[in-house]
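Good morning, and thank you for the time. I would like to take you through one structure this morning, with attention to its cysteines, its strands and one of its helices.

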Amino acid sequence: ILCLLLCILQEEPRSKSKICANVFCGAGRECAVTEKGEPTCLCIEQCKPHKRPVCGSNGKTYLNHCELHRDACLTGSKIQVDYDGHCKEKKSENPAASPVVCYQSDRDELRRRVIQWLEAEIIPDGWFSKGSNYSEVLDKYFKASFDDGDSRLDSTEFLKFVEQNETAINITTYMDQETNKLLRGLCVDALIELSDENADWKLSFNEFLKCLSPSFNPPEKKCALEDETYEDGAETQVECNRCVCACGNWVCTAMTCEGLNEKVPAQRHRPDQDLTEEEVARYIQELQKHQETAEKTKKMSTKEM
C-alpha cells in the first residue's frame with residue numbers, strides 16, 4: 001500500500017510536467033492542468049521576489065518583469081516594459097510644478113569649474129622665486145573668505161568665494177536670473193555636504209581642501225523611500241506636491257493642494273533617512289506651515305515699510 005501511495009504521489013507532478021511539456025503560455029502566464037487532465041494557461045500565481053524594478057507603459061513601477069506581466073494578465077490589459085528602473089514623474093509644462101533643485105550633475109559642474117579656476121592660479125617655482133601649489137592657492141582664498149573669525153566656511157561665505165569668478169558661477173539651468181542664483185546657493189550647500197564630516201554645515205580648511213581636491217571623486221547619492229532607493233533626478237508625487245531626488249535628498253514643493261504652488265527648495269531630507277509616504281506627507285505639511293509663517297513675516301515687513 002505504501003509503495004502504491006508513493007507511486008501515485010510521484011506520478012502527479014510527472015503527469016503535469018508531461019501534459020505541459022509542449023504548452024507555451026506567454027509572459028505573465030503559466031501552464032496548469034484542469035480536472036479533466038487537460039493543459040490550460042492561467043495567470044502566474046506568485047512571481048519570484050527578486051528586485052529588478054521596471055516602469056510599465058501604464059506609468060506604474062513593478063518589482064520585476066514577472067510582476068508587470070502578471071498584472072497585465074490579471075487586469076486583462078496590455079502593459080509593456082517602458083524602461084528599466086522606477087517610473088519617473090512626467091515633466092509638467094508649468095515650471096512652478098517642480099521645486100528648484102541642484103542635481104548631482106549641477107553640483108559636479110560647479111565643482112569642476114571652481115577647480116579649473118583654482119588650478120589656473122598655480123604658479124610654478126622660478127629660478128629665483130618660489131611659486132604656489134594648489135593647496136596654497138586654496139589656503140589663500142579660504143583665509144580671505146570667512147568673515148566671523150571662526151576659521152570655518154559656512155554656505156554664505158562659500159558662496160561669496162565662488163562668486164569671485166564669473167565663469168564658475170555662470171550656470172544657467174533656468175530661464176530667470178533669480179532662480180539661477182538660487183540654484184548656485186543650493187549647489188554650494190551640496191558641495192559643503194560632500195566633505196562636511198561633522199555635519200555642522202561649515203568647512204574647516206581640511207574639509208574645504210577635500211571638497212575641491214581634483215583627485216576626490218564625489219560619490220553618487222540615492223534617495224530612500226518605502227524601502228526602495230531612487231536615482232538622482234527621480235520624482236514622486238505626494239498628493240498635489242512633487243518631490244525630486246537631488247544629491248541624495250528629497251526636495252518637495254510645499255503647496256496647499258487647493259492653492260497655487262510655491263517653490264521651497266531650502267527644506268530637504270538627509271539621505272540617511274528612509275522615509276515612508278506618510279512621513280513625506282507630514283514633511284510637506286511642515287513646509288506649508290513654514291511657508292505661511294514666511295508670508296506673514298513678509299506682509300508685516302511690508303506694512304512697517
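I begin with a pair of strands: β3 and β4 run antiparallel and are joined by 2 bridges. Across from Thr-61 in β4 stands Cys-55. These strands belong to an open sheet of 3 strands, whose order is β4-β3-β5 and whose pairing is antiparallel. Its edge strands are β4, residues 61-62, and β5, each of which pairs on one side only. I should say at once that the model is predicted.

Let me turn to the cysteines. A disulfide is a covalent bond between the sulfur atoms of two cysteines. How many disulfides does the count come to? The count comes to 8 disulfides, taking a pair of cysteine sulfur atoms within 2.5 Å as the criterion. I shall discuss three of them, beginning with Cys-25 and Cys-41, whose sulfur atoms are 2.1 Å apart. What does this pair tie together? Cys-25 sits in the loop between α1 (2-19) and β1 (29-33), while Cys-41 belongs to strand β2 (residues 39-43), so the disulfide ties together parts that are 16 residues apart in sequence. The torsion about the S-S bond is about -80°, and the disulfide of Cys-25 and Cys-41 is therefore left-handed. As for accessibility, Cys-25 is buried, with a relative accessible area of 16%, whereas Cys-41 is partly exposed at 27%.

The second disulfide is formed by Cys-47 and Cys-66, with 2.0 Å between the sulfur atoms. Cys-47 is found in the loop between β2 and β3 (54-56), and Cys-66 in helix α2 (residues 65-75), so parts that are 19 residues apart in sequence are tied together. The link between Cys-47 and Cys-66 is left-handed, because the torsion about its S-S bond is about -80°. Are these two cysteines buried or partly exposed? Cys-47 is buried, with a relative accessible area of 8%; Cys-66, at 22% relative accessibility, counts as partly exposed. The threshold matters here, because buried means under 20% relative accessible area.

The third disulfide joins Cys-102 to Cys-187, with an S to S distance of 2.1 Å. Cys-102 lies in the loop between β5 (81-84) and α3 (104-119), and Cys-187 lies in helix α7 (residues 177-195), so this pair ties together parts that are 85 residues apart in sequence. Which hand does the link of Cys-102 and Cys-187 have? With 105° about the S-S bond, the link is right-handed. Cys-102 and Cys-187 are both buried.

Cys-102 also brings us to a cysteine outside the disulfides. Cys-247 is in no disulfide, and the nearest cysteine sulfur, that of Cys-102, is 4.7 Å away. That distance is not within the 2.5 Å required, so Cys-247 does not form a disulfide with Cys-102. Cys-247 is buried, with a relative accessible area of 3%. Cys-211 is also buried, its relative accessible area being 0%.

I close with helix α5, residues 155-162. Which residues of this helix are buried? They are Glu-157, Phe-158, Leu-159, Phe-161 and Val-162. An α-helix has 3.6 residues a turn, so residues three or four places apart point the same way. The N-terminal end of α5 is capped by Asp-154, which has a side-chain oxygen 3.2 Å from the backbone nitrogen of Thr-156.

Definitions and conventions. Residues numbered from 1 in each chain as written. Predicted model: local features only at pLDDT ≥ 70, side-chain atom pairs only at ≥ 80, totals over all residues. Heavy atoms only, no water. Helix = DSSP H or I, 4+ residues; strand = E, 2+ residues; numbered from the N terminus. Buried < 20%, exposed > 50% of the residue type's maximum accessible area, 1.4 Å probe, protein only. Pairing = 2+ DSSP bridges. Polar contact = N/O pair within 3.5 Å; in protein donor to acceptor, adjacent residues only side chain to side chain.
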